[in-house]
Amino acid sequence: MGFRLISRSFRIFTGTIKRMEFPDPPSKAALCCPIESVEGAPPTYAMYEALKDSCQNNATFFQPDDSENGQRLYQGFMTLIDHIDTVWPLVDHVRKVAPLYDFDAKSPGNGYRSFVSVVDSCVLHGLKLSRQVCTGRDALLFRKGYFVKEVESCGQLLASLGTCLHHLQTLLSWAPPGELFPSEGHSPEELFSQADNINQYCFYGRCLGFQFLPSMRGILKGISICMAGFSEAYYSHGNLISSVWTGGQYLIDPEMRARRIVNISQSASIEFCKAFWFLAESEIMKRVPSLMSSTVAVNKIITILPEPLVVNTMEGKEFTALPPTVHIGLQGLNVRLISVNKRVGMSGEGSTSLPASDGILFHCHGGGFVAQSSKSHETYLRDWAAKLGMPILSVDYSLAPQAPFPRALEEVFYAYCWMINHFKEIGTTGKRIVFAGDSAGANLIAGCTLKILGAGLRPPDGLFMAYAPLLVSFIPSPARLLCLMDPILPFGFMMRCLKAYASPNVKGGKEDKCPSKELTLSNATSPIEGNGFLKVSPSQEGISEGPSSFEEVSPSDLAELQAHKSGSERRKSSDTTISAASLQSEHTATGITPAEDKSQQYVSDFLERYVFDSDTDSEGRRFPIVKPNKQDPSYREPVSENSSTLIGEPPLIQDSELKDKKRIKNRLAVRTNLDSLIARSPSDEFIFSVPKDPLLSPYWADEELLRKFPPVRILTVHLDPCLDDCVMFAKKLKVLGNEVGIDVLEGLPHGFLNFSLMAKEANEGSKLCIERIKQLLDLENHATTPENNHL
């Protein structure tokens, strides 16, 4: 006993020393490719070895433990060791070549670096978890059940990242060094056919936000819980009490939350995305900027009447800008004027002695082209107006899908023409004009600049773009794989926004001409076809024989999830998986099925026809079950009701079944196959083309126009799916001789400016934006190449 106490004290002491050697996650992407040490191995290799040593220590400790949780801990740590051995050579190769894809030495950042930092963050997360187990496993109140789930989740996470690394190896072979986009016409379907599908559930469960800064993890977890809970209210006919009760479970059940979020991402319509993102403009959220942001003297909406505007070109000729009419006809356009002070000439602001500002910031907000407005971006615009000391004019452009491309771009161009004719009314002389935009807004200001140059009008004096999507296309790149684990911009949301804005009216010819359900199914839901990124692989059409199909979910997890269900109630609309019926319930009640939701019917029909059978419960109600695979050697005729698998519910596992590992393995494989069909089923919704239009994708713009671009400052983040767009666009401008600088920030998500009041690092990022805008407003007093700050 005394020896054990001594050994435990020694482990605690050595563990304390080891904890000092490695920082808390996330790791720094800018430092993910360090210079090799004298021994020839990068210093980060010690971090991977430390995790292996710690896992081996724990595995040795729990190996004699005969309890279920003890054996699961033993297996979990041994699995982690195996994954480390698999991942290390892959990540080491990417780590070595990643610097070749940077914009320059002062601005390290690209999708390859990002994934290396994500894997390093996962290893640091696992190391911290393993040491927690090591130091607490002898305690009387040590919670084995809790740490079992944490260790197994970490193993699933590392396995999925290993799959991502295999995809990165393919991307490296598709493009020459320095190019982040493939040199030939490679599609995402081709990429994902090279390796197993990625398990997205592990990114949204217990490990959600592991790759981000600690200050952001709580925010992202809160957003994810709100998204899952909001979906309950959105799809439950307004049954708020039931939705709140079910939504509260997402706070305490990470697995349920992950399942809901992934299925929301893959199944919810664009209207759901719009509704959720517009929560930022609820009555409560509208009050936040006035309470917490800088005080401004002017904050008003100006409506621009739809009438022709005559503007002088750079050559002194007259140019007539017609009001936009595409898609939704003639409508007034709203712009928001924000100024910290009232200035001479401002319409409707009374008398003041403060002269007009020499500069003006012309701003476009983000929101995926489908949501939000200047009001939801006031959180940082007020602070920018105060720090810059000049007016900001933000455009409330029309949103997709009601107003797809090019409506928003034409409105932004029209607002610019109005602005240069009305400098006095907005309190500026117009001596310096800088464009600013984040996300979709950054795309719009880049496209607007192209239209301005093409029309021969006065161009802006500088462009500031934050996390900009500059290549709106399905071309795969390493950073775009980040959307598979992004809480803010998940894959399904990104795809629906892209379709709503860039390709809103695509319909299959056979669907229009022949409404036959059977014919539509054969075209829209064949497992052979892809959906742009995720697809059902041939191995998932039946029970997969590969270990990845069942090792990621444990029997006890399924049994525990079953305990959280409430019988027939959980078999209805409150399931952890959004079924096709629950997604369409609010529309079919009125007899209307919007185009965005048609694919859900295809998925439902496909599952009913080829995957699900039906049975009857004790109350005489029919419910779907999984059709058994009778060709499987282990197939047995069902002997009881409990042998069925419900949609979204795990199979009921009895104690006797836990002893039969083969049966558990097969049932888990069936379960994983069901997950794939529900959460990742290809549909016509993700099969569409995007026009190669430079006004939609400024990266494709003519080089002659790009050479005329004003100085550009780009700010992005290492964990942004649009990172490679920014890096490649900056490289293109640099090759053409343009003045361009790029900053890549650490540990922040896409859209971090909207969280500048909630997280210190996000606020610091907003301050860096202000510094870059100041440089564009007065370049004569600043170096041509800004010093890059990395947070």
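These questions and replies look at how terms are applied to a predicted model of one protein.

Me: What makes a feature of this model count, and how are residues numbered?
Reply: Residues are numbered from 1 along each chain as its sequence is written. Because the model is predicted, local features need pLDDT of at least 70 and side-chain atom pairs count only at pLDDT 80 or more, while totals for chains, interfaces and linings use all residues, and side-chain values use heavy atoms, with hydrogens and water left out.

Me: How do you know what confidence the predictor has in the protein, and where does pLDDT stay under 50?
Reply: The term pLDDT is the predictor's confidence in each residue, from 0 to 100, and the protein averages 76, with 69% of the residues at a score of at least 70. Residues 1–20 stay under 50, and for them the model has 11 contacts beyond four places in sequence, where a contact means heavy atoms within 4.5 Å. Over residues 35–40 the pLDDT is also below 50, and this stretch has three contacts beyond near neighbours in sequence.

Me: Why is S54 called buried?
Reply: Buried means under 20% relative accessible area, exposed means over 50%, and partly exposed lies in between (1.4 Å probe, protein chains only). S54 has 9% relative accessibility, so this residue counts as buried. S54 is found in helix α2, residues 44–62, where helices (H or I, at least four residues) and strands (E, at least two) are DSSP runs numbered from the N terminus. Leaving aside neighbours within four places in sequence, S54 is in contact with L127, S130 and R131.

Me: Why are H327 and F369 placed in their classes of accessibility?
Reply: H327 has a relative accessible area of 43%, so H327 is partly exposed, whereas F369, at 8% relative accessibility, counts as buried. H327 is found in the loop between β3 (318–321) and β4, and F369 in the loop between β5 (357–364) and α12 (378–388). Phi of H327 is near 70 degrees, a positive value in a residue other than glycine, and F369 has a positive phi of about 70 degrees although it is not a glycine.

Me: Why is helix α10 described as largely enclosed by the rest of the structure?
Reply: Six of the eight residues of α10 (residues 270–277) are buried, so the helix is largely enclosed by the rest of the structure. Those buried are I270, F272, C273, K274, F276 and W277, and what covers them includes α7 (214–234), α9 (254–267) and α15 (491–502).

Me: Why is strand β4 largely enclosed, and what makes β4 and β1 a pair?
Reply: Six of the seven residues of β4 (residues 333–339) are buried, so this strand is largely enclosed by the rest of the structure. Two strands pair if DSSP finds at least two bridges between them, and seven bridges join β1 (residues 298–304) to β4, the two running antiparallel, with I302 opposite V335 in β4. Five bridges join β4 to β6 (residues 392–396), also antiparallel, and I338 stands opposite I392 in β6.

Me: Which peptide bonds in the loop between β6 and α13 are cis?
Reply: A cis peptide bond joins A400 and P401, with omega about 5 degrees, and P401 has its place in the loop between β6 and α13. The bond from F405 to P406 is also cis, with omega near 5 degrees, and P406 lies in the loop between β6 and α13.
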